[in-house]
Amino acid sequence: MVISLYALCLGFLLDLIFGDPHWLPHPVRLMGRAISGLEKALRPRFPDTPQGRRSSGRVMVILVLLIFTAAPLVILLLCQRISPFLRLAVETVMCYQLLAARSLRDESMKVYDALCQDDLSLAREKVSMIVGRDTQKLSREQVAKAAVETVAENTSDGVVAPLFYMAIGGGVLGFFYKAANTMDSMVGYRNERYEDFGRAAAKLDDIVNFIPSRLSALLMIIAAVLPGYSAKDGWKIWRRDRFQHKSPNSAQTESVCAGALGVQLAGDASYFGVLVRKPTIGDPLRPVETQDIRRANRLMLTTAILSLLFLGGAKALLILATGGF
């Protein structure tokens, strides 16, 4: 529908201008509360066995997807009955809130600013807000690397993947994706608490991100040319290291970024006091430096714009071909 295309473009523009103001109610926070509430309600209703925990996790996934797909669908249908312009306004806000390019840039640049001020304690504090690893003992280079990795990985999860699903199904499918991604970020861990309960959420996230993560990587390789980074090395490292992660999707854009910038990312990290051995991504042609955070953001934003042009253009051609105008 043409309204969804307009909403997608306007929502993208609003995200670039305003980002995610903390005072504005956000659907992801609502999703988070729903996931936490359902976990507390469902766990006691199933046997405390591996199979019971997996079953409760599957029920949670189904309920969350139903709630956060049906609700935006009903809202948009009601708006359409009142006025197409009301639907456009509401769906634009939905699309805006499902994108995270500006907030990803803003939060990572807080780390950059702290490093530029030689305030390592503040930089560690700021990077702890955007990564899951322990940050208290990170060196200056490790802080910068963590910020670069977050920008690179979330180029797919926070920008291109939502654009991909909204280009297909508007705000409704965008909410479906965001619900799946939020569940994975909250319960999709391989630890004692979530190994069984979060399995369905983790598998679902792998499935819904399979195509968007690879599309993100290919668009990022093209995007690397515009700021003057190495698309050739981005392609080379992507081809070699794109599966250097437990998730089949997480290293896709991270490997392109590492190659394009000529640095090595990933490697061992500490989580909740436990050292986790992980393979590296990219070649250590030079140390990661503070300016790489800015470079990663340029790459992310360029990729975001290319994604909008590609996905929006594809949707426009489909609308024209089917007489949607």
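Let me start with Asp-118, which counts as exposed at 61% relative accessibility, and which sits in the loop between α5 and α6, the latter helix covering 120-128. Please keep in mind throughout that this is a predicted model, and that what I describe is computed from its atoms. What draws the eye to Asp-118 is its backbone, because the residue is not a glycine and yet has a positive phi of about 60 degrees. As background, most residues other than glycine have a negative phi.

The next residue to look at is Asp-119, which is also placed in the loop between α5 and α6. Asp-119 counts as partly exposed, since its relative accessibility is 32%, and the cut-offs that matter here are under 20% for buried and over 50% for exposed. If you pick out Val-90 as well, you will find that it is 29 residues from Asp-119 along the chain, with 42 Å between the two C-alpha atoms.

Going back into helix α5 itself, which runs over residues 101-116, we come to Ser-103. Is Ser-103 buried or exposed? With a relative accessible area of 18%, Ser-103 is buried, because the cut-off for that class is under 20%. Once neighbours within four places in sequence are set aside, Ser-103 is in contact with Gly-19 and Asp-20.

There is a second residue with a positive phi that I would like to set beside Asp-118, and that is Ala-266, for which phi is about 65 degrees although the residue is not a glycine. Ala-266 belongs to strand β1, which spans residues 265-266, and at 14% relative accessibility it counts as buried. So we have Asp-118 counted as exposed and Ala-266 counted as buried, each with a positive phi. The contacts of Ala-266, again leaving out neighbours within four places in sequence, are with Lys-145, Glu-149, Glu-254, Pro-279, Thr-280 and Ile-281. Thr-150 is 116 residues from Ala-266 in sequence, and their C-alpha atoms are 10 Å apart in space.

From there, please move to Leu-261, which is located in helix α11, residues 251-261. Leu-261 counts as buried at 7% relative accessibility. Which residues does Leu-261 touch, when those up to four places away in sequence are not counted? They are Val-148, Tyr-229, Arg-286, Asp-292, Arg-295 and Ala-296. By way of a longer measure across the model, Leu-261 and Leu-10 are 251 residues apart along the chain, and 31 Å separates their C-alpha atoms.

Ser-216, in helix α9 (residues 210-223), is my next stop. Its relative accessible area is 0%, and Ser-216 is therefore buried. Apart from neighbours within four places in sequence, Ser-216 is in contact with Ser-156, Val-160, Thr-253 and Thr-303. Ser-307 lies 91 residues from Ser-216 in sequence, while the C-alpha to C-alpha distance for this pair is 7.7 Å.

Let me turn now to the nonpolar interior. In soluble globular proteins, nonpolar side chains tend to be buried together. In this chain the largest nonpolar core has 89 residues, and the members touching the most other members are Met-60, Met-183 and Ile-293. Helix α7, which covers residues 140-187, gives the most to this core, with 21 residues. For Met-60, the contacts beyond four places in sequence are Ile-35, Leu-38, Leu-42, Met-183, Val-187 and Phe-197, and you will notice Met-183 in that list.

I will finish with the chain as a whole, whose secondary structure comes to twelve helices and four strands. The radius of gyration is 20 Å, close to the 20 Å that the globule rule gives for 325 residues, so the chain is as compact as a globular protein of that length. Taken along the principal axes, the C-alpha atoms fill a box of roughly 60 × 55 × 35 Å. Of the 325 residues, 51% count as buried, and among contacts with a separation of 6 or more, 70% are between residues 24 or more positions apart.

As for the surface, the chain exposes about 15,500 Å², of which carbon and sulfur atoms supply 63%. How many positive and negative side chains does the chain have? There are 38 positive and 29 negative ones, and the centres of the two sets lie 4 Å apart.

Key: Residues numbered from 1 in each chain as written. Predicted model: local features only at pLDDT ≥ 70, side-chain atom pairs only at ≥ 80, totals over all residues. Heavy atoms only, no water. Helix = DSSP H or I, 4+ residues; strand = E, 2+ residues; numbered from the N terminus. Buried < 20%, exposed > 50% of the residue type's maximum accessible area, 1.4 Å probe, protein only. Contact = heavy atoms within 4.5 Å. Rg over C-alpha atoms; globule rule 2.2 N^0.38 Å. Areas by Shrake-Rupley, 256 points an atom, 1.4 Å probe, with all protein chains shown as cover. Lys, Arg positive; Asp, Glu negative; His and termini not counted. Charge placed at Lys NZ, Arg CZ, Asp CG, Glu CD. Core = buried A, V, L, I, M, F, W, Y, C linked by side-chain atoms within 4.5 Å.
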